[in-house]
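Please look over the model below, with attention to how its chains meet and how helices and strands are arranged within them. A short report follows.

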Amino acid sequence: MRPALLDALSAIVSPRWVRHGKAELTTYAMDGLPTHESLPGVVVMPANRTEVVAVVRLLQLLQVPFVARGAGTGLSGGAVAGPETVLLTLTRMNRILRVDPAARRAVIQPGVVNARLSEAIAPLGLQYVPDPSSQAACTVGGNVAENAGGPHCLKYGVTTNHIVELEVVLPDASVVRLGSPQGEPWGPDLVGLFVGSEGMFGIATEITVRLEPIPAAVRTLLADFLSVRSASEAVSAIIASGVVPAALEMMDQACVQAVEASIYAAGYPTDAAAVLLAEVDGTPEQVEAEAALVEGVLRSHGARDVRSASSAADRARLWQGRKKAFGAMGRIAPDLAVQDAVVPRSALPDILDRIGEIRRRHGLSISNVFHAGDGNLHPNISFDRRDPALADRVREASKEIMAACVAAGGSITGEHGVGNDKMGYMPWIFDAETLGAMQAVRRVFDPDERCNPGKMLPVRSCREWRATPAVREAAL
Amino acid sequence: MIFARLRALLGPAAVDRDPDNVPRVTPASTDAIALVCRLACDEGWKMRVEGLASWLPPDAPADLALSTRALDEIVSVSPADLVATVQAGAPLDAIRRRLAEHGMWLAMDPPGRPDRTLGSVIATGTSGPLRHGFGPVRDQILGCTVVTGDGRIVKPGARVVKNVAGYDLTKLHVGGFGAFGILTEAHLRLRALPRADVTLVSRGSRDALSAAARDLLEARIAPAALELASPELAAESEWVLAARFLGVDAAVQADVRRLPTETDAVWEQLPADRTAGFWALLARGSLGGPITFRLGVLADGLDDALDLLAHDLDAGLIAAGAASGTLRWTGEAPVERLRAVRRAAAAREIPMTLERAPWSVRRALGHFGAYREGLGHLVDRLRDTFDPKQSLRVALEGSEKSEK
């Protein structure tokens, strides 16, 4: 990076918040995905909107590309920046600005950590619902960029259903406000368009989120099955019963065994083919009635045993294995390729058979942990990236799994995003025209394509859309 | 000439003239719509799009009208996946009946006729009382097929309930009033039919009922709908607050028992055979005048917003989600009065969206009016992208735009 640029950045945020030594940059070489690595040119850490605007204006003048980053827990390589690129880390912007309990809204800065927000508002009896597995570290700004999900999104929706207003610094350094606290847009739904745009439309500097009351009662049920198919059928039967559980999570045998062999052992039966976690919440009467219904469905679909917990401590124990599944896999091998794909829920049993077949053929260790209620799979491949031949097989197997999910009518990502990891898969689910439309919309926000360049859109597969800057009629 | 060109393109059966003698095409497929759009774009013709014409009156000046009524197929219903794919011209009541056969339903109860087309609900983003419990229209749409003004076919989203691949372009079309293309098909999020469905109503003064609604929210009672209706809309002598509970029996009964203990209001449970009729009455009420608009209002701002309407407009039919974010007004008013309401609302940070009105009013006011600072050029560029020759006659901003 040019010294002049470093000086100018230092003048904006002070030298203390500009990092460019190789050792310092290494921290930012990856996000949560170990398969994509690149050192950014420089890291700058603005403290507030004014500094973000000044940095973005400078980069606009110099036509330098940039990437915004939160905690770097993403799983698609979305927050990785190249050597000619400036990385804006927003973790210093971590203030909860306002909470309005009556309207059930909070206004926060993008660097607020997801779990911190829920902790801070818990005394008010409120929570922020989307709870990605990385919630103890990930930032809400990053959640907005990726439209993050989590186990409790089955009932309550993903990030996009909880964001009502955004203050955004566009790549030309102008500042716009999208949406309103009421959730009614001033015009087309640009909040909906921005959420999940993977940091390619600008930088959100203020976020208004919807809060939900903490339910009065919660019950967690844990059931184990002798076949994945019967567990999957139980999931469909629960949904068809009219009950929408707050969460409905499944782990296969490989995953359960990894958990039980680790320090996170939760007492899951290791001989079961699948373990299902179902959680219902609401009023005490609702929880009582729905839990009884769910338990009946589980048993009638062949659950060997159903354990149930209502107290926070007992529920945490049942959840522990699920929440720590990724950590537990660290015992198996040094690296973990966490995959993310979606299939129509009815295709779950077939797709799991198919993944088993791919695992055997490539001689890999794959465990499955997934949001069964919405068909969102996380096949996780344990490997050691120092073994290049093994890493190649991991890549090949990942690709085959993705192809199988797409063939089943699914999608290439349910909550992790496309980033630079899945760009190559985009033409599998979108035709050239639709990709072209996405590229054209990106240019509306970022005509120079400097904002998180080289992500999501496989440019060569996009049909060219030229937005003719038509002379707009003065009156219709 | 246009008439003959269209007949040559689609065949005589798909082209007629509307009551104003404007050539009208009724294409039977997305591809046919794309052909029409391409031709209109090349020739510089202006198009207006209509469904049942109950929501957006087919009165915009145009060289041709395009009806989605031949696109009325329910393409597929997958109860196990909680997804259905439906064409834009399909009437909601037909969709509802078909889903019920599978034990499924769509958590949408938009204002208007029961046979409103799906396309009109999506294009106008008109959610009804169920928005309180299930979110606005945008939360029910998983993906769509859209034909742009220059005839390109775009298919964002997918037929799965969870998906973050690509930009969420679908959001642009929900509540976009057709300015970014013609919606031809949508993937819908379904739910299993609730086991119990109970509605209670309370009658009284406006302010007492809005206070009761706030008490109920404070008490953490969570109905699927909590709607305040003006006497004219509810066809009663007083204001009505209606709470609808959906779910498993025991839970619904428990909520019903708690209701009188948490509010000062007197509640009456509607008999099962009157429940559907009550909500249909509120929905139809939104057609009780030539103009309908919505304001973005939460529980705190409800009384103030209602005062504003009472001050600036003559009596109208009012339905307000007590906490869902939407207050809907239907009635008759001159453009100047509506402009004053929009200005007064904007001063309170309340967005006002014109949902339904004759062309003269839409043209003058625009569905959205003036945008907030910095947004106008983004919207203009999005329109240029999806409708480069401005073939689609949609008044998003209206002539108000030039004022700011």
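## Chain contact and internal packing

In this predicted model, 74 residues of chain B are in contact with 79 residues of chain A. On the side of chain B that touches chain A, two or more residues each come from β9 (153-154), α6 (170-173), α9 (249-262), β16 (291-297), β18 (325-331) and α14 (376-386) of chain B, and α14(B) gives the most, with seven residues. Sorted by class, that side of chain B has 36 nonpolar, 16 polar and 22 charged residues.

Chain B also holds an open sheet of five strands, in the order β5-β6-β10-β8-β9 and with antiparallel pairing, whose edge strands, β5 (74-78) and β9 of chain B, each pair on one side only. Within the sheet, strand β6 (residues 83-87) of chain B is joined by five bridges to the antiparallel strand β10 (residues 182-189) of chain B, and B:Gln87 stands opposite B:Glu185 in β10(B). Two helices that pack on the sheet are listed here.

| Helix of chain B | Strands touched | Angle between directions |
|---|---|---|
| α2 (residues 30-43) | β8 (141-147), β9 and β10 of chain B | about 45 degrees with β8(B) |
| α3 (residues 92-101) | β5 and β6 of chain B | about 30 degrees with β5(B) |

In chain A, the axes of helix α8 (residues 228-240) and helix α10 (residues 284-300) come within 9 Å and cross at roughly 145 degrees, and the crossing of α8(A) and α10(A) is right-handed. A:Ala234, A:Ala237 and A:Ile238 of α8(A) make the contact with A:Val294, A:Val297 and A:Leu298 of α10(A), a set that divides into six nonpolar, no polar and no charged residues.

Terms used
Residues numbered from 1 in each chain as written. Chains lettered and ligands numbered in written order. Predicted model: local features only at pLDDT ≥ 70, side-chain atom pairs only at ≥ 80, totals over all residues. Contact = placed C-beta atoms within 7 Å. Helix = DSSP H or I, 4+ residues; strand = E, 2+ residues; numbered from the N terminus. Nonpolar A, V, L, I, M, F, W, Y, C, P; charged D, E, K, R; others polar. Axes fitted to C-alpha atoms, helices over the stretch in contact; angles between N-to-C directions. Left-handed = near helix turned anticlockwise from the far one by under 90°. Pairing = 2+ DSSP bridges.
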